[in-house]
Amino acid sequence: MKSQIILLTGASGFLGYHLAKTLLSNGYKVVGIKRRNSSLWRYNDVKSDNLEFYDIEDLQKAFSDNMPECVIHTACLYGRSGESLVEIVEANVMFGLEVFEMAKKYKVQTFFNTDTLLKENINDYALSKRQLTQWLERNSSSIQIFNMKIEHMYGLKDDNKKFISWFIHELVNNAKQIDLTSCEQKRDFIYIDDVVSAFLTVYSNRKSLGKFAQFDVGTGEQIVLKDFLLEIYKQCKAKFDFNTFLNFGAKKMRNGETMEIIENVEPLKNLGWKPANNYKYNITTIVDEIGGAL
């Protein structure tokens with residue numbers, strides 16, 4: 001039986017890798033799109049004849065060679081390294097539209113877009129992601145589109161530039177002090193395996209859904225950021241030797257900071273999805289993995 005083919009942008013990234021690995025284990029063929037200079041270090045543990053990579057410059061060839069039934073668009077630029085507004089819009093809006101236009105041309109049946117639950121006024125990344133979503137919704141008559149609005153995801157093999165991974169990295173490397181805001185804002189921290197499961201749940205229910213649907217991807221539990229960080233600190237302290245001082249209140253919160261995310265995860269749960277474990281268990285998984293690698 002021929003494997004169903006899914007084209008995945010942002011394949012070298014955190015979410016892309018975990019999606020690819022799970023899709024492969026479920027019998028799909030994955031066509032990964034990546035930047036030419038992107039490292040594939042996350043895939044060192046993945047060996048499969050059903051995985052093939054193409055550079056962004058060969059996007060049309062990836063479509064014409066494989067004729068995918070589904071596209072999962074995860075590629076994005078967060079703007080953490082001083083990228084210009086033009087670079088952010090090119091990556092998060094224009095490239096997304098290019099992938100979408102290609103999907104329409106090659107008669108892809110289902111298109112997933114990866115969005116954020118952050119308000120669009122919080123930063124340029126959030127604004128650009130919202131703009132792409134608006135374009136997709138406006139043009140959803142010819143292809144089924146699912147817009148996945150993800151809360152704060154975390155997990156194994158994340159980029160150390162992202163906050164939770166950076167925080168753990170600082171602790172493990174015995175940083176003298178970590179300056180933080182008061183960390184009173186609430187976030188719904190969702191483990192990467194649960195994010196992947198949400199995508200697969202929506203895909204498996206696609207025939208019962210309309211041409212355009214949006215899903216908030218979170219556990220439904222809002223946790224005070226300070227409590228989440230202290231749990232990480234406690235579990236790391238029990239396993240590693242460090243004396244890092246957490247300097248809460250040393251920094252001001254960013255302008256327009258959202259103190260609590262408005263979300264509705266019931267539509268996702270109504271499809272039969274639920275998070276596998278609570279955040280304390282998931283933190284233990286990460287800490288144990290780091291400990292085993294040292």
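Let's start with Lys-157, which is partly exposed, with a relative accessible area of 28%. Keep in mind that we are looking at a predicted model. So who is the partner of Lys-157? Asp-45 forms a salt bridge with this lysine, and the closest N and O atoms are 3.6 Å apart. The two sit in distant parts of the chain, 112 residues apart. Asp-45 is in the loop between β2 (29-34) and β3 (51-55), while Lys-157 is in the loop between β7 (152-154) and α5 (163-172). Asp-45 is also partly exposed, at 40% relative accessibility.

Now have a look at helix α2, residues 59-66. Here Lys-61 and Asp-65 form a salt bridge, with 3.0 Å between the closest N and O atoms. About one helical turn separates Lys-61 and Asp-65, because they are four residues apart in this helix. Lys-61 has 45% relative accessibility, so it counts as partly exposed. Asp-65, at 41%, counts as partly exposed too.

My third pair is Arg-187 and Glu-257, whose side chains meet in a salt bridge at 2.8 Å, N to O. Arg-187 lies in strand β9 (residues 186-187) and Glu-257 in the loop between β13 (245-247) and α8 (266-269), so this pair ties together parts that are 70 residues apart in sequence. Are Arg-187 and Glu-257 buried or exposed? Both of them are buried.

Some salt bridges share partners, and that joins Lys-34, Arg-36, Asp-55 and Glu-57 into one network. And how many salt bridges does a search of the whole structure find? The search finds 14. Try finding these residues in the structure above. Thanks, everyone!

How values were computed: Residues numbered from 1 in each chain as written. Predicted model: local features only at pLDDT ≥ 70, side-chain atom pairs only at ≥ 80, totals over all residues. Heavy atoms only, no water. Salt bridge = Lys/Arg side-chain N within 4 Å of Asp/Glu carboxyl O. Buried < 20%, exposed > 50% of the residue type's maximum accessible area, 1.4 Å probe, protein only.
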